[in-house]
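Below is a colleague's note on one structure, set out as numbered points. Please read it with the coordinates open.

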Amino acid sequence: MQSAAFTLSPSLSLPLRNYSLNASRPSLPLRLFAKHAEGVNSNGASSTSFIRRSWTVSPSSSFKFRPLPPSPPRAAENAVPDSAPAENSLFKTLELGSLFGLWYLFNIYFNIYNKQVLKAFHYPVTVTVVQFAVGTVLVAIMWGLNLYKRPKISGAMLGAILPLAAVHTLGNLFTNMSLGKVAVSFTHTIKAMEPFFSVVLSAMFLGEFPTPWVVGSLVPIVGGVALASVTEASFNWAGFWSAMASNVTNQSRNVLSKKAMVKNEDSMDNITLFSIITVMSFFLLAPVAVFMEGVKFTPAYLQSAGVNVKQLYVRSLLAALCFHAYQQVSYMILQRVSPVTHSVGNCVKRVVVIVSSVIFFQTPVSPVNAFGTAIALAGVFLYSRVKRIKSKPKTA
């Protein structure tokens, strides 16, 4: 029976840090020493067996260290296609571009149909209620068919959402009042003042004071709106102040949403919050509409007023559907991009709506009026860019 043990002799000295695989350097030779002992096997005969082998390195041998050949690449690593990330990125880009296109398209059609309805039916409170009613039906279908997760709503949650629903209701009502009095392009030019009221209300109620860059961006907004208002052919004080009131209420909604966040066990996304606000707005405004304007949306009244009933109903339905569609798509975009990108997209949307409404309704626009509108919209774009610039903290 033979056994062997291989060990490195203590006399071996390998300076690893200076070791190189260069073949020009002298190699370290190897000498083998074997110790053997005699023993007696089972038949009584003498036999020699190796009980220990020692490896030592001496300068007289010619053994060379050679690096191991590189292992071949694994097949699994080569199986991943390089084009997969690029295709995924391209798909996301196309998807986001489609959402932006739908956002603009729904907004354009909403403003066109809504303006046509308000020109034929001069009851903005009733028109607003009809839009909230259609939205409530859509929300009920969405929750009833489990197309979207139905939230668990408590009394505390409703109490927290109620102020948001109230200002949301007023904001849409004032917008419809303005659209019924002045041109669509002028209403949206005035609504470009939203950043101004956002800065003022945030400083008053949240203690968030603007940076000098933000204040500077407000100058062209205010100046452009003032210039467009002076030269507007369809200028009307009721339409002007209604649009201004819409700016105040819409930005108050944003301030309230920051000041009173809804805290619950299940996280509430923007689409769910918008759905709840829509239902609450309908129940808030419906009795007000009956009290202020009466029941005016019946076929009998519309026929007596000389209004094309079928055309008015179809346009009202389309306006309401487009209204809720562009709101839903807006929140879907916000879930995919940063708030700054969404703000820039909103600025571009306003430009698209103004231009499309001027073309569709053949609104007369003077060069000075167009220049004022352009300045205001450029200020909104500048505001969306400089808003992310934070002031440096003061050092003691």
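**Notes on the model**

1. V137 lies in helix α3, which covers residues 124–144. The model is predicted, and what follows should be read as such. With a relative accessible area of 48%, V137 is partly exposed, because the partly exposed class runs from 20% up to 50%. V137 also contributes to a nonpolar surface patch of about 400 Å², together with I141, L145 and L147. Residues three or four places apart on an α-helix point the same way, because there are 3.6 residues a turn.

2. The UniProt record, an unreviewed entry, gives "transmembrane region" for residues 96–113, 125–145, 157–175, 196–215, 221–249, 270–292 and 368–386. Two of these ranges can be set against the model. Residues 125–145 are 95% helix and 0% strand, with the end C-alpha atoms 30 Å apart. Residues 196–215 are 75% helix and 0% strand, and there the end C-alpha atoms are 9 Å apart. Please look at the path of the chain in this second range.

3. Helix α12 takes in residues 339–361. What should its 23 residues span at 1.5 Å a residue? The expected span is 33 Å, and the end C-alpha atoms are 32 Å apart, which agrees. The buried residues of α12 include hydrophobic names such as V340, V344, V353 and I354, but also H342, K349 and R350. Just after α12, Q362 has a positive phi of about 55°.

4. How many salt bridges does a search of the whole structure find? The search gives three. One of them joins R336 to E95, with the closest N and O atoms 3.5 Å apart. R336 sits in the loop between α11 (309–334) and α12, while E95 is in helix α2 (residues 84–120), so that this pair links parts of the chain 241 residues apart. R336 is partly exposed at 40% relative accessibility, and E95 is partly exposed at 32%.

5. K191, E194 and R350 are linked in a network of salt bridges. The closest N and O atoms are 3.6 Å apart between E194 and K191, and 3.8 Å apart between E194 and R350. The pair of E194, in helix α6 (residues 194–206), and R350, in helix α12, links distant parts of the chain, 156 residues apart. Are these residues buried or exposed? E194 and K191 are both buried. E194 has a relative accessible area of 14%, and R350 counts as buried at 7%, because the cut-off for buried is under 20%.

6. The count of aromatic pairs comes to 21. F196 and F197 form an edge-to-face pair, 5.4 Å centre to centre with 85° between the planes. F196 is partly exposed at 28% relative accessible area, whereas F197 counts as buried at 16%. The rings of F235 and F240 have centres 5.8 Å apart and planes at 45°, so this pair is tilted. F235 is partly exposed, with a relative accessible area of 29%, and F240 counts as buried at 11%.

7. One aromatic cluster is formed by F121, Y123, F297, Y301 and Y313. Its members can be picked out for inspection alongside the pairs in the previous point.

How values were computed. Residues numbered from 1 in each chain as written. Predicted model: local features only at pLDDT ≥ 70, side-chain atom pairs only at ≥ 80, totals over all residues. Heavy atoms only, no water. Patch = residues over 30% accessible without salt bridge, like charges linked within 9 Å, V, L, I, M, F, W, Y side chains within 5 Å. Areas by Shrake-Rupley, 256 points an atom, 1.4 Å probe, with all protein chains shown as cover. Salt bridge = Lys/Arg side-chain N within 4 Å of Asp/Glu carboxyl O. Helix = DSSP H or I, 4+ residues; strand = E, 2+ residues; numbered from the N terminus. Buried < 20%, exposed > 50% of the residue type's maximum accessible area, 1.4 Å probe, protein only. UniProt positions renumbered as here; feature names shortened; annotations may be inferred. Phe/Tyr/Trp six-rings, centres within 6.5 Å; stacked < 30°, edge-to-face > 60°. Expected span 1.5 Å × (residues − 1).
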